[in-house]
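Q: Please take a close look at the surroundings of the ligand in this model. I would then like the account carried on to the way helices pack in the two chains.

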Amino acid sequence: MWKTVVRRVVIMIPQLFVLSLLVFILAQFMPGDPYSGAITPETDPARIEELREKAGLNDPWYEQYVRWVGNLVQGELGKSYTFQRSVGDLIGEKATNTLWLSLLSVILLYSIAIPLGILAGRYNNSKLDKSIVLYSFISYAIPTFVLGLLFLYLFGYTLRWFPTVGSVSVGLDPGTLAWYWDKIYHLILPASTFAVLGTTGVIQYLRSEIIDAKSLDYVRTARSKGIPMRKVYSKHIFRNSLLPIAAFLGFTITGLLGGSIIIETIFGYPGMGQLFINAILSRDYSVITALVMLYGFLALLGSLLSDIIMSIVDPRIRIE
Amino acid sequence: MKTTDELLRIKNLHTGFRIKDTYFDAVDNVSLSLRKNEILAIVGESGCGKSTLATSIIGLLDRNKTRIQGEILYKNKNLAEMTEEELNDVRGLDISMIFQDPLSALNPLMRIGDQIEESLIYHTKLTKEQRKERVLELLNQVGINNPERVARQFPHQLSGGMRQRVIIAIAISCKPQIIIADEPTTALDVTIQAQILDLLIDLQNETGAGIILITHDLGVVAEIADRVAVMYAGEIIEVAPVEELFSNPKHPYTRSLFNSIPQMSQENTRLNVIEGIVPSLTNLPREGCRFSSRISWIPEEAHEDNPTLHEISPGHFVRCTCWKHFHFKSDIGGSHHVYAD
Ligand SMILES: Nc1ncnc2c1ncn2[C@@H]1O[C@H](COP(=O)(O)OP(=O)(O)OP(=O)(O)O)[C@@H](O)[C@H]1O
Ligand SMILES: [Mg+2]
């Protein structure tokens, strides 16, 4: 088990190297540099050149790359030009918001999708199955922004059950129970939108896994033992069908950690997705590169997490 | 044989699969019986319905897609009419099944010990400790040397032969009266095959169970079976005690089956195969002698209109009368070496 994990982590090192190189090269190709925005008709070109020289922007690319990676490793991500703050702090703050949102989304998603998928697969071709499949097709067909706006309009503006913007109300003391509750309160609408839209894949996957499993040889063996059908389902079919879903969890979590640009924008939720889109719109390069790097890292982390989950639940994958 | 020795009697069994809203019988009007301590072999080409017959007995087919008609009498009860719950009291306890492919027949995520223990939980009153003990005893019985270790392992850690031993351990865990083995050795290499068959025979000698053995291997049949039923296109076309069938095969299909065994001693290295293939389920001839299309040189008059099984000597039944008019040259292989009597 630990060997598997260590091996996977070691594999990540060259992957991270390639990723950082790509991000760096992309950043080099982007037009302008941090000082382009500072140029006004009154600025002295020599002064800008001096700043560039001082910041090392005239050094050969590999020196710049090494310096950039060195800073990255030390957690020194540079400074945001629009916010005039350290990129690390900025991302950290948004990341906590997104983390909460992701966590609630995942919990909601799986607690809707797993029971529905199991029911649809267990009783396939029944009325229940057909209505679940219909639901999952509808949720698949609805674009994110439509459902988001619908929820916002219905539960936010019309019924006034939930707040329509932000991550927490102003005027509450951080750390108090009321503050925490208010945060969750703000999360419910965006997280539900996430969850409802994400269920399709999980439901369909689980459903077809279960239907396929019914005719597998080992399920037939289990049936030939004369154990009750509900035991055949719980001990042989469901467990084995949930396996790929469990593995998928890693990807889902890190996918969500990246934040959803659309959902965070619609609900005015100050998370990473929103930060990313704002950074792009305002050409905030240091924020963009840091975020791209982070997203890449999260994707790698997701596959690592999936492999670890897999090696816990599937004995065939453990290395002896 | 005394009738009290009879364990299972199948009468006019039809098992049909639904294909586009029509049921096609893959097992067509089969009648058979199995006695205590007997090994009944069922042979026949691929697709002739052997597995369908075997799985029909303990109702393992998908009820939504199959139709079973006729009687499968066990202890005066008709298994063909039982509900799933009623069948569960028979499966594993009275009748168990061994499947062809040991590599896929065990749950990959469950420890061997737990998989064996499962049927004990529902069919016996043993306590947890007693069950664990019984699992080790069973593993020992099927010739596994380090039962404690194997019980804790997962299927992928065992070889094919070991896995088939485990499957046999599962099958015999509640000392069943009847064991149905569907090609239990096909997926294994030759030396392991012999070991597994020996094991089955040893176990039978201990418990006196009746075994239905489905196989393609006529050598195995000759060696261990007591009686043989030959199936073709869903029907039984010949049944006889093993010596009788091998020394005196009657039906042209049975003869051509024997002719298609590769003979190492013969100079002739050409493999004798039966020409043509078993017709697919939807194209089965449902009238007359089903084999007639593959022995087209036999004139039509030779076949019965509604062929039935005739007892031609004690315990030897043959379907159709076409065998009377023709026989194969026994010295040359090949199904087309036929001449009129
Ligand atoms: N689930 C099913 N649905 C439809 N047709 C089926 C099904 N299972 C088997 N059949 C058909 O029934 C016929 C008999 O199949 P069966 O598996 O019983 O043959 P078999 O004698 O066991 O062959 P083999 O020696 O290859 O195992 C074949 O024509 C097969 O295609
Ligand atoms: Mg078969």
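A: **Ligand 1 and the packing of helices**

In this predicted model, an N or O atom in the side chain of Ser46(B) is 2.4 Å from an oxygen atom of ligand 1. Ser46(B) also belongs to the group of residues that come nearest to the ligand, together with Gly47(B), Lys50(B), Ser51(B) and Thr52(B), out of 13 residues around ligand 1. Two further polar approaches to the ligand can be described. At Cys48(B) a polar backbone atom is involved, with an oxygen atom of ligand 1 at 3.3 Å. At Glu183(B) the partner is instead a polar side-chain atom, which lies 3.3 Å from an oxygen atom of ligand 1.

Chain B also contains a pair of packed helices. Helix H4 of chain B covers residues 128-141 and helix H6 of chain B covers residues 160-172; their axes come within 9 Å and cross at roughly 125°. Because of this angle, H4(B) is oblique to H6(B). The crossing of H4(B) and H6(B) is right-handed. On the H4(B) side the contact is made by Arg134(B), Leu138(B), Leu139(B) and Gln141(B), which meet Val166(B), Ala169(B) and Ile172(B) of H6(B). By class, five residues of this contact between H4(B) and H6(B) are nonpolar, one is polar and one is charged.

Chain A offers a second helix pair, set within a fold of twelve helices and two strands. Read from the N terminus, the elements of chain A follow the order α-α-α-β-β-α-α-α-α-α-α-α-α-α. The C-alpha trace of chain A spans about 85 × 55 × 40 Å along its principal axes.

The pair in chain A consists of helix H6 (residues 144-158) and helix H7 (residues 177-214), whose axes come within 10 Å and cross at roughly 140°. H6(A) is therefore oblique to H7(A). The crossing of H6(A) and H7(A) is right-handed. H6(A) contributes Thr144(A), Leu147(A), Gly148(A), Phe151(A), Leu152(A), Phe155(A) and Gly156(A), and these meet Leu189(A), Ser192(A), Thr193(A), Val196(A) and Leu197(A) in H7(A). The contact of H6(A) with H7(A) comprises seven nonpolar and five polar residues, with no charged residues.

Key: Residues are numbered from 1 along each chain as its sequence is written. Chains are lettered from A and ligands numbered from 1 in the order in which they are written. This is a predicted model: local features need pLDDT of at least 70, side-chain atom pairs count only at pLDDT 80 or more; totals for chains, interfaces and linings use all residues. Side-chain values use heavy atoms; hydrogens and water are left out. Axes are lines fitted to C-alpha atoms, for helices over the stretch in contact, and angles run from 0 to 180 degrees between N-to-C directions. Helices (H or I, at least four residues) and strands (E, at least two) are DSSP runs, numbered from the N terminus. Angles under 35 degrees count as roughly parallel, over 145 as roughly antiparallel, 65 to 115 as roughly perpendicular and the rest as oblique. A crossing is left-handed if the near helix is turned anticlockwise from the far one by less than a right angle, and right-handed if clockwise. Contact means heavy atoms within 4.5 Å. Ala, Val, Leu, Ile, Met, Phe, Trp, Tyr, Cys and Pro count as nonpolar, Asp, Glu, Lys and Arg as charged, and the others, Gly among them, as polar. A residue is near a molecule or strand if one of its heavy atoms lies within 4 Å of it. A polar contact is a pair of N or O atoms within 3.5 Å; within protein, one must be able to donate a hydrogen and the other to accept it, and residues adjacent in sequence count only if both atoms are side-chain atoms.
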